[in-house]
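Hi everyone, thanks for making time. I have one structure to walk you through, so let me put it on the screen.

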Amino acid sequence: MVTPTGGFGLSTGGPLAWGLCYNHEMSPSQSYCDNSNELYRCAEGVEYYGRGALPVYWNYNYGIVGKGIKQDLLNHPELLEQNATLAFEAAIWRWMTPMKRRQPSAHDVFVGNWKPTNKDTLSKRYPGFGATMNILYGDSICGKGYIDNMNAIISHYQHYLDLMGVGAQHSGDNLDCADQVPFNPSSKNPDS
């Protein structure tokens, strides 16, 4: 997973002061290639680990995002590491666009435009930052309890709220996705 920090506890300013330091996943734990996806098949020799300002993982997500920004990211995911403009174009597209049918965009959840369905409520997905993380990171951090990666993202969110003068105390309800059923299980086709 692309970490939102390069800092550590003893870094100047602490671990939250460093922001986004890496444009790719430092130690991928898997290949992120789902060969069952017929629409966006894995290209030979290509790895689909997390890359970009808002990390993209899995072959099907590189295919979807690439189609959205009119770039061949399925065959050339390294473009998100090599070209900052494309990395942020992909991040903005991904933030504003639902990745699957019947799913909100991260933006719509974040600004309060999304109203959960009965299925969402049964899946413990409620409006708040937790559902935003669920859309962006899916089962890599959600539905796994209070894991360090999820807690680090929440800490950074609250840190930036403080920096902007909003205050962490205004983080809102439903801040985590610890018990939420992921919107995007990595083992399913993105068009389901």
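**Helix H6 and its neighbours**

Let's start in the middle of things: the buried residues of H6 pack against H3, H4 and H7. Before I go on, a word on where this comes from. This is a predicted model, so local features need pLDDT of at least 70 and side-chain atom pairs count only at pLDDT 80 or more, while totals for chains, interfaces and linings use all residues. Residues are numbered from 1 along each chain as its sequence is written, and side-chain values use heavy atoms, with hydrogens and water left out.

Some vocabulary, too. Helices (H or I, at least four residues) and strands (E, at least two) are DSSP runs, numbered from the N terminus. Buried means under 20% relative accessible area, exposed is over 50%, and partly exposed is in between, with a 1.4 Å probe and protein chains only. Contact means heavy atoms within 4.5 Å.

So, the overall picture. The chain has seven helices and zero strands. Of its 192 residues, 44% are buried. If you take contacts between residues at least 6 apart in sequence, 59% of them join residues at least 24 apart.

Back to H6. How many of its residues are buried? Nine of the nine, so H6 is largely enclosed by the rest of the structure. Among them are Phe129, Met133, Ile135 and Tyr137. Right after H6 comes glycine 138, with a positive phi of about 50 degrees.

One residue in H6 that I'd like to pick out is asparagine 134. Asparagine 134 is buried, at a relative accessible area of 0%. Leaving aside residues up to four places away in sequence, asparagine 134 touches Arg125, Cys142, Cys177, Gln180, Val181, Pro182 and Phe183. Asparagine 184 is 50 residues from asparagine 134 in sequence, yet the two are 7.8 Å apart in space, C-alpha to C-alpha.

Now H7, residues 148-163. H7 has 16 residues and spans 22 Å from first C-alpha to last, close to the 22 Å expected at 1.5 Å a residue; that expected span is 1.5 Å times one less than the number of residues. Which residues of H7 are buried? They are Met150, Ile153, Ile154, His156, Tyr157 and Leu161. These cover an arc of only 160 degrees around the axis, which puts them on the same side of H7; the arc is taken from the directions from the helix axis to the C-beta atoms. The buried residues of H7 pack against H4 (106-110) and H6 (129-137). On the face turned away from that buried side, H7 carries the exposed residues Asp148 and Leu163. Following H7 is glycine 165, with a positive phi near 85 degrees.

Next, one helix pair. H1 (residues 59-69) and H3 (residues 84-96) pack at about 100 degrees, with axes 10 Å apart. Axes here are lines fitted to C-alpha atoms, for helices over the stretch in contact, and angles run from 0 to 180 degrees between N-to-C directions. H1 and H3 are therefore roughly perpendicular, a label for angles of 65 to 115 degrees. On the H1 side, Ile64, Val65, Gly68 and Ile69 meet Leu86, Glu89, Ala90, Trp93 and Arg94 in H3.

Last, two backbone oddities. Tyrosine 32 isn't a glycine, but has a positive phi of about 60 degrees, and tyrosine 32 is buried at 8% relative accessible area. Asparagine 174, in the segment after H7, also isn't a glycine and has a positive phi of about 55 degrees.

Terms used:
Parallel < 35°, antiparallel > 145°, perpendicular 65-115°, else oblique.
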